[in-house]
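Please walk me through this structure, taking the strands, the disulfides and the helix packing in turn.

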Amino acid sequence: MTSRLNRLAVALLATALATLGLTVANPAPASAAMTICYNTSQAGSYASVANQAATIWNNATVNLTLSANCGSNLRIYRITGGGSYAVRTSLGNGRVYIDTQQAAQYSVLRIMTHEIGHILGLPDNYNGNCSLLMSGGSAGTSCTNPYPSSAEASRVSNLFAGTFSATDRSADIFRDSWPSMLTPVS
């Protein structure tokens, strides 16, 4: 019980400091991290990109580990046309679709890491700030940053520690993070 209260106190402190723009080096991890098994059997040439994105999330967060091809909490698909998007069925579960046409225009690693961020509980943030992963395509085609900010990583860590709750609807579909190929980006 004391260990759980300590983790909760550290997580709350980290969140409060992140809100003030301060960061704390990784809060104490939970004793039992959740493993999210992702499946790349339908990802084609993007399987290695999915592995890179998983490593980014694993290094940025605590309380969860993304692990390749051990199950199918998260399924990753390579598609052509229609735009990249994520469908979250519950926290840590869902599908990511990476559009080859958008991946030719934007950083495919940024797209992959961003879409996985939705499965991990993060919403879009269309403010155009390249330092925020969840700003998606609003940061423009020159933005290649695939790393979540400390606040984004802290939010995911807290969701998986159980200190925050994600709005868990039957299915959340995150589309339009990346402008259409037909829409000029300014």
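What follows is a reading of a predicted model, beginning with the strands and ending with a pair of helices.

A convenient place to enter is strand β3, residues 74-79, which pairs with strand β1, residues 34-42, in the parallel sense over three bridges. Within that pairing, Tyr 38 has Leu 74 of β3 as its bridge partner. Strand β3 also pairs with strand β5, residues 93-99, again in the parallel sense, and here the pairing runs over six bridges. To locate this second pairing in the model, one can look at Ile 76, whose bridge partner in β5 is Val 96.

Strand β5 has a further pairing, with strand β4, residues 85-90, and this one is antiparallel and extends over five bridges. Val 96 serves as a landmark here too, since Ala 86 stands opposite this residue of β5. The two strands β4 and β5 form a hairpin that leaves two residues between them, and in the turn Gly 92 adopts a positive phi of about 85 degrees.

The next topic is covalent cross-linking. A disulfide is a covalent bond between the sulfur atoms of two cysteines, and the structure holds two of them. One of the disulfides joins Cys 37 to Cys 70, with the sulfur atoms 2.0 Å apart. This pair links distant parts of the chain, for Cys 37 lies in strand β1 whereas Cys 70 lies in the loop between β2 (64-68) and β3, and the two cysteines are 33 residues apart. The torsion about the S-S bond of Cys 37 and Cys 70 is about -105 degrees, and the disulfide is therefore left-handed.

The helices remain. Two packed helices are described by the angle between their axes and the distance between the axes. For helix α2, residues 47-60, and helix α4, residues 108-119, the axes come within 9 Å and cross at roughly 55 degrees. Because of that angle, α2 counts as oblique to α4, and the crossing of α2 and α4 is right-handed.

Which residues in α2 and α4 meet? From α2, the contact draws on Val 49, Ala 50, Gln 52, Ala 53, Ile 56 and Trp 57, and these meet Val 108, Leu 109, Met 112, Thr 113, Ile 116 and Gly 117 in α4. Sorted by class, this contact of α2 with α4 contains nine nonpolar and three polar residues, with no charged residues.

Definitions and conventions:
Residues numbered from 1 in each chain as written. Predicted model: local features only at pLDDT ≥ 70, side-chain atom pairs only at ≥ 80, totals over all residues. Heavy atoms only, no water. Axes fitted to C-alpha atoms, helices over the stretch in contact; angles between N-to-C directions. Helix = DSSP H or I, 4+ residues; strand = E, 2+ residues; numbered from the N terminus. Parallel < 35°, antiparallel > 145°, perpendicular 65-115°, else oblique. Left-handed = near helix turned anticlockwise from the far one by under 90°. Contact = heavy atoms within 4.5 Å. Nonpolar A, V, L, I, M, F, W, Y, C, P; charged D, E, K, R; others polar. Pairing = 2+ DSSP bridges. Disulfide = S-S within 2.5 Å.
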